[in-house]
Amino acid sequence: MCNTDASPQNPAMATPFHPTEHDRLKALPKAEVHLHLEGCFEARTLAQWARAEGVALPRPEEDLFRFSGLADFLGFLDLACGLASTAERLAALSYGLCQRLADNGTGYADVIFNPTHWQAWHGRLGPMLDAMDAGFKAAEQDGLPGVGLCVSLLRTQSADEAVELVETLRDIRHPRVVALSVDGNEAAAGRTGPRFAEAFRRAGRHGLRRTVHAGESSGPEGVWDAVNLLEADRIDHGVRAIEDSALVGLLAERRIPLGICPTSNLVLRVYPSIEEHPVEKLRAAGVRVSLNTDDPALLGASLAGEYALCRQTFGWTDEITRSVARTSIEASFASPAVKTRLLQALDDW
Ligand code: ADE
Ligand code: ZN
């Protein structure tokens, strides 16, 4: 209710602050663990770069982010990333990602990027990492949230290419890199767990964490392989694990967190409606779940919005909301100091 004493005639009398649901969810201390740099392009920027390069876009700017499904979406990433051909553009994109984090009250993010999409940078992973790092450092200096990088394989790459990437990461040893990842279209690639097992084993030996896209374009079998063959510390999506109760039990027992992206799964047609999305069933079964945006600019998602959507659809209380945010922080590859700071802030929310 309004405080009738607080009138415009008496500005010294503060109007009581009634935070909206969005304000409260923005203030919720949280991390994001499933977010692609490739998914952070603004349509206006892409149109500008395309004009400068004389490249034709497939659709007008206002329809640019209209996708028929995952395959169409992944094809678009090659085009968009191909336009980020200079260090300045890459640094600006990285800086903009951190602004997006701050806008949602996100305290830290593990950011996935897949070198195969960035044609202008092929064979130059070191300089590419430096360009992104410059954007992230500038953001940190401006008080924006910190970021760790998860360098990703594409599901359609070969075993040799996968091992080569891991060995290159070992040679470069870039301090911004925290993990090896694999993403892309499992439906197009078939069962590829065995193909990537050696690369993931080596990544572990080199001190990298491991995160695996599975159970989005694959069924539960992809999630089993992520656990058994790729020794995933965390699974990106993983939602189709719900189709196998033994797998749900295993994820819960081993406390393997899922980085779930409800809006992405709706836009890319993994589920027809939020009511049919299994995030709540997985959570209620004891699986550790976090909420994430996947490709926020391209898919029209925001992190505060993902929390709002689940609270509204599944009746999540503040206690449940806090536990999901807690998982996001604990499941992240942030430093112990950052985790402690965010977890303390979460207790005060
Ligand atoms: N790369 C970017 N977004 C992706 C997604 N949702 N699934 C697989 N690969 C991706
Ligand atoms: Zn993803």
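These legends go with several close-up views of a predicted model.

**View 1. How sure the predictor is along the chain.** Before zooming in, here's the confidence picture: the protein chain has a mean pLDDT of 94, and 95% of its residues come in at 70 or more. Residues 1-13 are another story, with a pLDDT below 50. Beyond near neighbours in sequence, that stretch makes 8 contacts in the model.

**View 2. Phe-41 meets Trp-118.** The structure holds 7 aromatic pairs, and this view picks out one of them, Phe-41 with Trp-118. Their ring centres sit 5.9 Å apart and their planes meet at 40 degrees, so the pair counts as tilted. Phe-41 comes from the loop between strand 1 (30-36) and helix 2 (43-53), while Trp-118 comes from the loop between strand 2 (106-113) and helix 5 (125-141), so the pair ties together parts that are 77 residues apart in sequence. Both Phe-41 and Trp-118 are buried.

**View 3. A cluster of Phe rings.** Here four residues join up: Phe-65, Phe-67, Phe-73 and Phe-76 are linked into a cluster by ring pairs.

**View 4. An arginine over a ring.** Look for Arg-234, which lies over the face of Phe-333. The distance to the ring centre is 4.0 Å.

**View 5. Helix 6 and what covers it.** Helix 6 takes in residues 159-172, which makes 14 residues. At 1.5 Å a residue the helix should span 20 Å, and its end C-alpha atoms are indeed 20 Å apart, so the two values agree. Which residues of helix 6 are buried? They are Ala-162, Val-163, Leu-165, Val-166, Glu-167 and Leu-169. As a reminder, an α-helix has 3.6 residues a turn, so residues three or four places apart point the same way. The cover over the buried residues of helix 6 includes helix 5, strand 3 (146-154), strand 4 (177-183) and helix 8 (193-205).

**View 6. Arg-173, just past the end of helix 6.** Most residues other than glycine have a negative phi. Arg-173, just after helix 6, takes a positive one of about 50 degrees. This residue lies in the loop between helix 6 and strand 4. Is Arg-173 buried or exposed? With 58% relative accessibility, Arg-173 counts as exposed.

**View 7. Glu-231, with a positive phi.** Glu-231 also isn't a glycine, and its phi is near 50 degrees, a positive value. You'll find Glu-231 in the loop between helix 9 (220-228) and strand 6 (234-237). Its relative accessibility is 39%, so Glu-231 counts as partly exposed.

Definitions and conventions. Residues numbered from 1 in each chain as written. Chains lettered and ligands numbered in written order. Predicted model: local features only at pLDDT ≥ 70, side-chain atom pairs only at ≥ 80, totals over all residues. Heavy atoms only, no water. Phe/Tyr/Trp six-rings, centres within 6.5 Å; stacked < 30°, edge-to-face > 60°. Helix = DSSP H or I, 4+ residues; strand = E, 2+ residues; numbered from the N terminus. Buried < 20%, exposed > 50% of the residue type's maximum accessible area, 1.4 Å probe, protein only. Lys NZ or Arg CZ within 6 Å of the ring centre and 35° of its normal. Expected span 1.5 Å × (residues − 1). Contact = heavy atoms within 4.5 Å. pLDDT = per-residue confidence, 0-100.
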